[in-house]
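Subject: Structure handover

Hello,

The structure I promised is below, followed by my notes on it. Please read them with the model open.

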There are 2 protein chains.
Amino acid sequence: MPRPPAIPQPTNAELAILRVLWNEGECTVREVHERLPEREVGYTTVLKLMQIMVEKGLVRRNESSRSHVYRAALPEREAQRQLVTDLVDRAFEGSAASLVMHALENNLATAADLAEIRKLLDERSPRSAP
Amino acid sequence: MPRPPAIPQPTNAELAILRVLWNEGECTVREVHERLPEREVGYTTVLKLMQIMVEKGLVRRNESSRSHVYRAALPEREAQRQLVTDLVDRAFEGSAASLVMHALENNLATAADLAEIRKLLDERSPRSAP
DNA sequence: AAGTCTATACGAAAGGTTTCGTATGTCAAT
DNA sequence: ATTGACATACGAAACCTTTCGTATAGACTT
């Protein structure tokens, strides 16, 4: 099944911007700049990055108002899917299970998380199955 | 609990080399070069990369023989742990559970994988627990 | 001893990311 | 109309990654 266009992997700085867009929805450059939590970074830096991201197809923008309005080209879930797949390829030799176990083994998942994961597991392959 | 020194994130090319070292154990540059599956890349390119990796602390080398012998500074599991943690931070806002679900939802895990993951889950928080 | 093979070291180009200064344009209020 | 606030565009520096050519040296063969 042909995957959607397949967009370049976002770099670190690009990912930080995408996170803002995913959280806030549509944003101007100024809004993104204000909400970027990381270290201080200039306004024009963010602007330039977002312009590049338009060229790469990572974000779309609406130029109808003076302050252009940007939105992520991919929904968060899809982008995360690509990131996980990429990491699995690069570092886990294609074994998603191995990656999952690492995530589970390193604390990070709360009890509620574990319950939710278990629920997902049960949906995918019920306990009673062979 | 203080984590070990914490080594810089390996780049793509560095990760490819690390995978060879993890699979083969100790290697000379030539051995790594021969075993690199990816596209053709010159011998001196691999050499240079591995020299840089020594500087960064990603690999150690034994210079006692004419052909230096390299090994990964971190065991595979630990490096993978750092990669997963990093991805969780950068793209999943710290929610490992979210990353796990992505991995699970995208096919990749076989039935055997799922069984193994379930086993791990049961160990971490038994079904009977509150 | 000279030649060949193989090793490391090193410099530097090519390409990508990230940074920001400066130029320029638009709008609104004086 | 001039000014001030704020917007985009753009060029270019600084930095990192990846690539490889060339230099140099040790070991082995002839």
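In this predicted model, a side-chain N or O atom of B:Arg66 is 3.4 Å from a base nitrogen of DNA strand D. Two backbone contacts go to phosphate oxygens of strand D: one from an N or O atom of A:His68, at 3.4 Å, and one from an N or O atom of B:Ala13, at 3.5 Å.

DNA strand D is surrounded by 23 residues, and the closest are A:Arg30, A:Tyr43, B:Thr11, B:Gly42 and B:Thr45. Of the strand D atoms that come within 4 Å of the protein, 66% are sugar and phosphate. The elements that each give at least two residues to the surface near strand D are α2 (29–35) and α3 of chain A, with α1 and α3 of chain B. By type, the residues of that surface are six nonpolar, nine polar and eight charged.

Now DNA strand C. Here 22 residues surround the strand, the closest being A:Thr11, A:Gly42, A:Thr45, B:Arg30 and B:Tyr43. Sugar or phosphate makes up 65% of the strand C atoms within 4 Å of the protein, and bases make up the rest. At least two residues each of the surface near strand C come from α1 (12–24) and α3 (43–56) of chain A and from α3 (43–56) of chain B. Five nonpolar, nine polar and eight charged residues form this surface.

Three side-chain contacts to strand C are worth a look. The side chain of B:Arg30 has an N or O atom 2.6 Å from a phosphate oxygen. A polar side-chain atom of A:Thr45 is 2.8 Å from a phosphate oxygen, while one of A:Thr44 is 3.5 Å from a base nitrogen.

Away from the DNA, I checked helix α4 of chain A (residues 76–91). Its 16 residues should span 22 Å at 1.5 Å a residue, and the end C-alpha atoms are 22 Å apart, so the two agree. Its buried residues include A:Leu83, A:Val84, A:Leu87 and A:Val88, and also A:Glu78 and A:Arg81. Among the elements covering these buried residues are α1 and α5 (96–105) of chain A, and α1 (12–24), α4 and α5 of chain B. After the helix comes A:Glu93, which has a positive phi, near 50°.

Last, B:Ser95 sits in the loop between α4 (76–91) and α5 (96–105) of chain B. Its relative accessible area is 25%, so B:Ser95 is partly exposed. B:Thr85 is 10 residues from B:Ser95 in sequence, and their C-alpha atoms are 9.6 Å apart.

Regards

Notes
Residues are numbered from 1 along each chain as its sequence is written. Chains are lettered from A and ligands numbered from 1 in the order in which they are written. This is a predicted model: local features need pLDDT of at least 70, side-chain atom pairs count only at pLDDT 80 or more; totals for chains, interfaces and linings use all residues. Side-chain values use heavy atoms; hydrogens and water are left out. A residue is near a molecule or strand if one of its heavy atoms lies within 4 Å of it. A polar contact is a pair of N or O atoms within 3.5 Å; within protein, one must be able to donate a hydrogen and the other to accept it, and residues adjacent in sequence count only if both atoms are side-chain atoms. Helices (H or I, at least four residues) and strands (E, at least two) are DSSP runs, numbered from the N terminus. Ala, Val, Leu, Ile, Met, Phe, Trp, Tyr, Cys and Pro count as nonpolar, Asp, Glu, Lys and Arg as charged, and the others, Gly among them, as polar. Buried means under 20% relative accessible area, exposed over 50%, partly exposed in between (1.4 Å probe, protein chains only). The expected span of a helix is 1.5 Å times one less than its number of residues. Contact means heavy atoms within 4.5 Å.
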